[in-house]
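Let's go through how to read helix packing, cores and single residues in a model like this one. Have the structure open while we talk.

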Amino acid sequence: MRHALAPLIALVLVCAASLFQPARAQDFDSLVNALPEGNYTDRGETAAAIAATGDERAVAVLTALLNGDLEQMKADGRIVIMSKRGRDAIATDALTGEEIGTVTSRDTERIRVNNGLRRDLRAAIGVLSLTNPDPEKRRAAAEAGFRSPDAEQIPALEQALARETDGSVRAVMEQALAAAMLMSDRPVEQRLGAIDVLADRGDREAQSILTRYASDPDLGAAAQAAIDEIARVQRLWGIGQDVWYGLSLGSVLLLAAIGLAITFGVMGVINMAHGELVMLGAYTTFVVQEVIRTHLPGLFDWSLLIAAPLAFLVAGAVGVAIERGIVRFLYGRPLETLLATWGVSLILQQAVRTLFGPNNREVGNPEFMSGAFQVGAMTVTWNRMWIIVFALVVFGALMALLKRTPMGLQMRAVTQNRAMAANMGIRTGWVDAMTFGLGAGVAGLAGVALSQIDNVSPNLGQSYIVDSFMVVVFGGAGNLWGALAGAFTLGVVNKFLEPFTGAVLGKIIVLVAIILFIQKRPRGLFALRGRSVEG
């Protein structure tokens, strides 16, 4: 008898299943058709019901509603998703996916949403994306659920967690589940466990969620303890972020000042046109990128590597021309040298204005210098990180040149005792020209780096010339290690002072501190030693 009933039971189940699927589809269809009805609150409830169906078409419909692309045909009331094809507006049936064709604004009426509904839609779309095959999309969906927690998301999050195999995605899902759990009526023990999960996340978003429960009679003590711990950790990460910003600023100051340290240390020349040599490097980068954009767009990611040697050569050639044409006639006359190089800086600025105009010029970031990544609660941008690496590479190359090459040996000899070096047969004039050109070329490299983080304009160099001189004086004229220590020290100190004093007052305080410092150590942190120096 039992075996005789088995086929009948199977038939009943198959029929039930076949009836269930059309009913579910019909339910989804009727919900979508009901979206234009009622107010925003009604529309939000309908959107939530659409998400709850789990229909594979739900993401497309809700995304179109969020983006303002879901509309209703006036003629037959069909719900359509609008898209652009050239200048034409194309309507596609939201339920069947059938393309209806080109329509005008008079043929359809947009289904409108407000900010509250947009927030709910993002959360609903996020939960629906928890089953996406792409781990990054699942992570983004879990993050969306965390930012807009809802107790109704708990079943979907629990199911997604049971299937998830990626450890990093799973962690974000657990945090989203914890945020949703706090909004639910689950037992207190489970909600206390959710507080621990959010405390482990430890960022400002978790702190914001926990703040809502600080006065809860059951959860308040645990929530407040977690908030205090997050605040303590955030303060530590804030210090780390300030140190990073200081190192980033220090690398920029190092690039801008290291060439000045060479020329000032070897020749004793105060070059007021040094900032304009930095500017020439930045404009060389702009020209290289314009040529690549026009003729070889596939090489854009290599534009900085192409621009760097060209900027070195352009700025270096201008530096040699300044030394041979003006500075060599003014040795031993510092005031005249200062005024002459200041005049050269004005000429260079005006020449650039004439050639390129007074407005800022756009210099793009290659792909490897775009974006950012997280280190704990710190945000580290790729362009700043690569500039620090670039500054250290330039510093290392200059150290190798000074220590390992004949030119470096002659430069050090002239720096320590010019008269003795001349008596030993060193052509001090040639060394002066090459030193000035080297310092100018390094300034051009600084311009390449600055083009990635600052506006490229005729006034670019003026923003860094004063800071460059402070680095040189503080670190010790002519000493590269002094320039390195001075640049990073001043960068970090400036970034720690800015929140309390502001950028301008902070620089004034640093300047006063350096003046007081050189009263005690006139030669800076790392003074050069030699017969002429000691004498």
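Helices, cores and two residues

A: Start with a pair of helices: helix 14 passes helix 19 in a left-handed crossing. Keep in mind that this is a predicted model.

Q: How are two packed helices described?

A: Two numbers do the job: the angle between the axes and the distance between them. For helix 14 (residues 382-404) and helix 19 (residues 480-501), the angle is about 165 degrees and the axes are 11 Å apart. That makes helix 14 roughly antiparallel to helix 19, because angles over 145 degrees count that way.

Q: Which residues of helix 14 and helix 19 meet?

A: On the helix 14 side you'll find Leu392, Phe395, Leu398, Met399 and Leu402, and they meet Leu480, Trp481, Leu484 and Phe488 of helix 19. Sorted by class, this contact has nine nonpolar residues, with no polar and no charged ones.

Q: Now helix 11 and helix 17: at what angle do their axes cross?

A: Roughly 55 degrees, and the axes of helix 11 (residues 274-295) and helix 17 (residues 428-450) come within 6 Å. Helix 11 and helix 17 are therefore oblique to each other. Their crossing is right-handed. From helix 11 the contact takes in His274, Leu277, Val278, Gly281, Ala282 and Thr285, while the helix 17 side includes Gly439, Ala440, Ala443 and Gly444. The class count for this pair is eight nonpolar, six polar and no charged residues.

Q: How does helix 12 pack on helix 17, in angle and axis distance?

A: Helix 12 (residues 303-325) and helix 17 pack at about 140 degrees, with axes 6 Å apart. That makes helix 12 oblique to helix 17, and the crossing is right-handed. Among the helix 12 residues in this contact are Ala307, Ala311, Ala315, Gly316 and Gly319, and helix 17 brings in residues including Phe436, Gly437, Ala440, Gly441 and Gly444. Here the split is 15 nonpolar, six polar and three charged.

Q: Let's move on to cores. How many residues does the largest nonpolar core have, and which have the most contacts inside it?

A: It has 70 residues, and Leu254, Leu398, Leu480 and Leu490 have the most contacts inside it. Helix 10 (residues 220-267) gives the most to this core, with twelve residues. Take Leu254 as your way in: leaving aside neighbours within four places in sequence, Leu254 touches Ala391, Phe395, Ala483, Leu484, Ala487 and Phe488. Apart from this core lies another, of 30 residues, including Leu157, Leu161, Leu177 and Leu198.

Q: What about a single residue: is Arg138 buried or exposed?

A: Arg138 counts as buried, because its relative accessibility is 12% and the cut-off is under 20%. Arg138 sits in helix 5 (residues 135-147). Beyond neighbours within four places in sequence, Arg138 is in contact with Ser129, Leu130, Thr131, Asn132, Pro133, Glu164, Asp166, Val169 and Met173.

Q: And where is Asn455 found?

A: Look in the loop between helix 17 and helix 18 (462-475). At 45% relative accessibility, Asn455 counts as partly exposed. Asn455 and Val363 are 92 residues apart in sequence, yet their C-alpha atoms are 8.4 Å apart in space. With neighbours within four places in sequence set aside, Asn455 has contacts with Asn360 and Leu460.

Technical notes
Residues are numbered from 1 along each chain as its sequence is written. This is a predicted model: local features need pLDDT of at least 70, side-chain atom pairs count only at pLDDT 80 or more; totals for chains, interfaces and linings use all residues. Side-chain values use heavy atoms; hydrogens and water are left out. A nonpolar core is a set of buried Ala, Val, Leu, Ile, Met, Phe, Trp, Tyr and Cys residues joined through side-chain atoms within 4.5 Å. Buried means under 20% relative accessible area, exposed over 50%, partly exposed in between (1.4 Å probe, protein chains only). Helices (H or I, at least four residues) and strands (E, at least two) are DSSP runs, numbered from the N terminus. Contact means heavy atoms within 4.5 Å. Axes are lines fitted to C-alpha atoms, for helices over the stretch in contact, and angles run from 0 to 180 degrees between N-to-C directions. Angles under 35 degrees count as roughly parallel, over 145 as roughly antiparallel, 65 to 115 as roughly perpendicular and the rest as oblique. A crossing is left-handed if the near helix is turned anticlockwise from the far one by less than a right angle, and right-handed if clockwise. Ala, Val, Leu, Ile, Met, Phe, Trp, Tyr, Cys and Pro count as nonpolar, Asp, Glu, Lys and Arg as charged, and the others, Gly among them, as polar.
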